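Open your viewer, set a plain cartoon view, and keep the selection tool at hand. We will move from stop to stop together.

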Amino acid sequence: MAILGSLDPIMGRWTDDGLLHGAVYGAVIVTVLLTITALGLWFERKFAGRMQSRLGPTMVGPIGLLQPVADVLKLLQKEDIVPRDADRPLFDLAPLLSAMLALAVAAVVPFSPKAIASDLDVGVLWVLALGGLTVIPTFMAGWASNNKFALLGGMRAIAQSVSYGVPLVLAALVPVIITGSLSVSGIALWQTQHHWLVIWPIGPGLPGVRPVLHRDARRVEPHPLRHPRGRERARRRRDHRVHGMKFTLFYMAEYVHTLVGSAVAAALFLGGWDGPFHPGLVWMVGKTLLLFVAVYWVRWSLLRLRSDQLLALCWKWLTPIGIALVLFAAAWVEFVPGEL
């Protein structure tokens, strides 16, 4: 946090066009995200252990903290197996593209008023566009492996992504309509000057967070949503044919996507860096981690739904609720402008 805060005077002296600002802040934010992702792997295993009366990682490092490092080193030593009839360029590109898209979404997330890599005027559109593209590498790996089961798994992942993309867009429109801004930092700044959207107006804010977290949960595939993998190995999606470091990149992308999605939800609905005292980076990090933990609480608490139940939840419940929230937000801005 101190590092991010100390970079601004340097940025002001070295550049006026923001290029160096974006590069340095981007490098710092990516490093922090990957570090938190590694700790998130450890936390999830300890958390799951507690819920299942186990200890979780205990052997590698103090209380098992170095277990993620050991896992990465183990995967780096594994053989890179490529199916005989695979499309090698696409098969090799898919894991890297998955990790890049997950990290690219973080470019517009404001972790504090100045700790942001790129403050785009269309930041919400950037988040939605790249967030929707993260499923493409999944399908790419399944198709490139030349394996029908991996391909079907990728198609099922796309079906889920499209289904949850609709209520996600509707939920994201709520803060856009109320604040009149497509900038993620602009929406967070508006909330610091007015109120958190999760609290007021009563109605669209709190339900609007749910589709965002559902999308995060779908990406990391907790047990209620673990349909592309399935219980049978023949129905596992891209990791049925991906090994070693490629599997590591896919696995890392899932956790990064969940972490960044939690940060986006915190910025759009929970006031971003705003807090009851000393607003800043610590509040944004705290809110992000709180939502991050909530997603994994769902992962290890609920049983898996059937595929038809999962899609019915989206199309019969989340999508109509999202439309109602958008209409409510528009009516609130039109007829009750003084209350904002």
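In which loop is Leu-66 found? Select Leu-66 and you will see it in the loop between α2 (19-51) and α3. Before going on, please keep in mind that this is a predicted model. With 44% relative accessibility, Leu-66 counts as partly exposed, because that class covers what falls between buried, under 20%, and exposed, over 50%.

**The nonpolar patch**

Now add Leu-39, Ile-63, Leu-65, Val-69, Val-72, Leu-73, Leu-76 and Met-245 to your selection and show the surface: with Leu-66, these residues form a nonpolar patch. Together they have about 760 Å² of accessible area. Which helix gives the most to the patch? Colour α3 (residues 67-76), which supplies 4 residues.

Stay here and pick Ile-63, which also sits in the loop between α2 and α3. Its relative accessible area is 53%, so Ile-63 is exposed. Check its backbone too: the phi of Ile-63 is positive, about 45°, although this residue is not a glycine. Most residues other than glycine have a negative phi.

**A second positive phi**

Next, jump to Asn-146, in the loop between α6 (136-144) and α7 (148-179). Asn-146 is another non-glycine residue with a positive phi, here about 60°.

**Along helix α10**

Select residues 244-269 to highlight helix α10. How far apart are its end C-alpha atoms? They are 38 Å apart, which agrees with the 38 Å expected for 26 residues at 1.5 Å a residue. Turn the neighbouring chain segments on and off as you look: 22 of the 26 residues of α10 are buried, so the helix is largely enclosed by the rest of the structure.

Zoom in on Thr-258, which belongs to α10. Is it buried or exposed? Thr-258 has 0% relative accessibility, so it counts as buried. Show its side chain as sticks and draw a distance to the backbone oxygen of Glu-254: a polar atom of the Thr-258 side chain lies 2.9 Å from that oxygen. Then follow the chain past the helix to Gly-271, where phi is positive, near 85°.

**Zooming out**

Finally, view the whole protein, coloured by secondary structure: there are 12 helices and 0 strands. Of its 340 residues, 49% are buried. Among contacts with a separation of 6 or more, 73% link residues 24 or more positions apart. Switch on the full surface to end the tour: about 16400 Å² is accessible, and 69% of that belongs to carbon and sulfur atoms.

Key:
Residues are numbered from 1 along each chain as its sequence is written. This is a predicted model: local features need pLDDT of at least 70, side-chain atom pairs count only at pLDDT 80 or more; totals for chains, interfaces and linings use all residues. Side-chain values use heavy atoms; hydrogens and water are left out. Helices (H or I, at least four residues) and strands (E, at least two) are DSSP runs, numbered from the N terminus. The expected span of a helix is 1.5 Å times one less than its number of residues. Buried means under 20% relative accessible area, exposed over 50%, partly exposed in between (1.4 Å probe, protein chains only). Patches are made of residues with over 30% relative accessible area and no salt bridge: like charges are joined within 9 Å, nonpolar side chains (Val, Leu, Ile, Met, Phe, Trp, Tyr) within 5 Å. Accessible areas come from the Shrake-Rupley method with a 1.4 Å probe; for residues, only the protein chains shown count as cover. A salt bridge is a side-chain nitrogen of Lys or Arg within 4 Å of a carboxyl oxygen of Asp or Glu. Contact means heavy atoms within 4.5 Å. A polar contact is a pair of N or O atoms within 3.5 Å; within protein, one must be able to donate a hydrogen and the other to accept it, and residues adjacent in sequence count only if both atoms are side-chain atoms.
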